[in-house]
Amino acid sequence: MQFKLPSNLQTELLPYDPTLKVLARQAKAKTTKKAKYPLGNIPHLIPHNVVRESDQQAAIDHINQQSAPNRYRIFTTPVDVATPQARLKVIAILYHYEQVWYAAWLPPKKEADQYVYGHAYAFKNTAAAAKTAPHHIWASKDKCIEHEGGRGVQTFTYSMNITKGDIESSEGSGWRAYQWQASSLHCQKGREILEHCVRPYEASLREDLPTWSDSRGLFDRIRCKNIFDAANIPKLMTEFMDPKLGLTVDNFVSAAEKFNVRATSTSSTYCAIQSIEHIITKPAIKKLLQAELDHANTAYNDPNNTERKLITQGFNTFVQVINSIEWINNIWPECPLDYYQTYYKELRYIKLNQIHTSDFNSNSNDFIDWLLNNMPVASMFTMLRKYLEQQENTRYHDSEVGYSRVSFYELNDTFSMIIRIFAHGKELAPPKRWRIDEFHDYVQAESWKIQNPNESLPQDLFPEPIKIALEVDNTIYATPENPQTYSLDTRLNYGRPIQELISGHVVTNVINYTFFQPVDTHQLAMWGQAVRNCVGSASHYASDIKKRKHFIVLCMIDGKPTFTIQLVVDMGLMSVKQIAGVANQRLTDVQKEQYSNAFKLALREREFQLEFA
């Protein structure tokens, strides 16, 4: 049964009728007229000699009808016409973002020498703009032009042509923050505008500017008034340098003297230059340093060079060598001047300045005295040379200087540990040889002793060292046709000479093993240093020994530290948890068999000791 409702009752009961409700909504949508300028019909921001009035109005109309991510328009012109490079170049942009209209343009050809680029912005005088627009824009109303808009709402516009002088001047440093780019465009809402509007405009602007291809700053090259700026020398230094002298060692020396007379602030480079003036003004050293600066001069004067790093690298290398010479001079002021020339390569390639010269303060006088009294400066340079040779294939390319160099972390760490030792009022005997690996391990062990008090360790397994002389027989099977068919792994491992052998001859080798347990934590640390593993520096080994969780047995062969063995006991069975040779090397099968035989004899010897005790 159905009843047709009168039209007025249909309207009254519309909320109950889903079909009529949708139709009514669609009808209402058709009759609702969308505003043509919800974002505002703003005055034209771009000069008409750059973008025609009609094109700007069409862009304003288009942007007003778009969703937020697509509220932009780029303006282009054809260039390189009738050539394979023919393309459209972006000459201006207009977009709306977060209550503000932004515009930017390139100067027309006739005005290219008058300014670098132009930019403008516009915003309505509304509560929404006051809340959302960037503060510096909203606060600029006093310098804006005010326009009367629809419904009595004012629109503010601001426009400026940025000249080369604006960019070069110190007051104009703010222009490096690109005025055409709204803040927070990197978010999801502004990404389309950034990638498809702002970035293409910046690419076009870069085409018309002298720029550094390797510099992120679009105006960095314009701001370079001389080679000092191009080399990125701190302003604090260039204030005292004579532009007429250019980038020379003499100019730096002269500026350092002026700087340190005034002493209004500190500059480590200038202080270093003055402290080693007697070294770097020596003709041979001066010539080498000037060669580094000449690389910068050549790159700066090359009209085809577009890479700033080719200029800065020369200056940075100069600073690298200055810091290295100063570092040596701080410790060995009587160092022969010829050494700096002989070892110039090491000073250039090894970053000695990473060994902090700030550590050489009043609390480190003992350290400097210790080096002076114990380490000849010749040994220091020899150590540098050998280290550089060892690192020949592991250097890293440093773009700061343009070549591969190394940082001497091991020496830095060693010297820091020596300073720590003296800070605790302890003494340190010099090492037997000045080799960085041995020197570092020796100092590390001594430093470890300071940080870790000496504690006794249980010696339940071997209260006294047990010596085992293990005989190893190797029968040689040799024939004239095949004279070297034999098994001599053991003999080869221990360096015994191979002699002419007769078939069936028996060779007996004796290997002298000594097994013992460390008496205290310091002895364990010394062992770790000797065999170059972490058994002495990792505190958990000593801690677990004291808690009797395991045994650490040390093994010497022919009086030389060789094996480190960790043993555990379970249900009356002793088993090897891990065993390692020097520098954590694994044992060969032959070594394992020999060690096993020797250790069984050591346990039997200990059994006899207990039986007859």
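**Overall architecture, nonpolar cores and a helix pair**

The protein chain contains 24 helices and 13 strands in what is a predicted model. Of its 613 residues, 42% are buried, and the chain exposes about 34200 Å², of which 50% is supplied by carbon and sulfur atoms. Among contacts between residues at least 6 apart in sequence, 63% join residues that are at least 24 apart.

In soluble globular proteins, nonpolar side chains tend to be buried together. In the present model, the largest nonpolar core comprises 76 residues, and the members that touch the most other members are F252, Y270, F318, I328, W332 and L411. The most is given to this core by helix α14, spanning residues 309-331, which provides 10 residues. When neighbours within four places in sequence are left aside, I328 is in contact with C335, Y340, L347, L352, V377, M380 and F381. A second core, separate from the largest one, consists of 35 residues, among them L106, F156, A182 and L185.

Helix α14 also packs with helix α13, which covers residues 283-301; the axes of the two helices come within 6 Å and cross at roughly 160 degrees. Because this angle is over 145 degrees, α13 is roughly antiparallel to α14. The contact is made on the α13 side by I285, L289, E292, L293, H295, A296, A299 and Y300, and on the α14 side by L310, I311, G314, F315, T317, F318, V321, I322 and I325. The crossing in which α13 passes α14 is left-handed. F318 thus appears both in this helix contact and among the residues that touch the most other members of the largest nonpolar core.

Definitions and conventions: Residues are numbered from 1 along each chain as its sequence is written. This is a predicted model: local features need pLDDT of at least 70, side-chain atom pairs count only at pLDDT 80 or more; totals for chains, interfaces and linings use all residues. Side-chain values use heavy atoms; hydrogens and water are left out. Helices (H or I, at least four residues) and strands (E, at least two) are DSSP runs, numbered from the N terminus. Buried means under 20% relative accessible area, exposed over 50%, partly exposed in between (1.4 Å probe, protein chains only). Contact means heavy atoms within 4.5 Å. Accessible areas come from the Shrake-Rupley method with a 1.4 Å probe; for residues, only the protein chains shown count as cover. A nonpolar core is a set of buried Ala, Val, Leu, Ile, Met, Phe, Trp, Tyr and Cys residues joined through side-chain atoms within 4.5 Å. Axes are lines fitted to C-alpha atoms, for helices over the stretch in contact, and angles run from 0 to 180 degrees between N-to-C directions. Angles under 35 degrees count as roughly parallel, over 145 as roughly antiparallel, 65 to 115 as roughly perpendicular and the rest as oblique. A crossing is left-handed if the near helix is turned anticlockwise from the far one by less than a right angle, and right-handed if clockwise.
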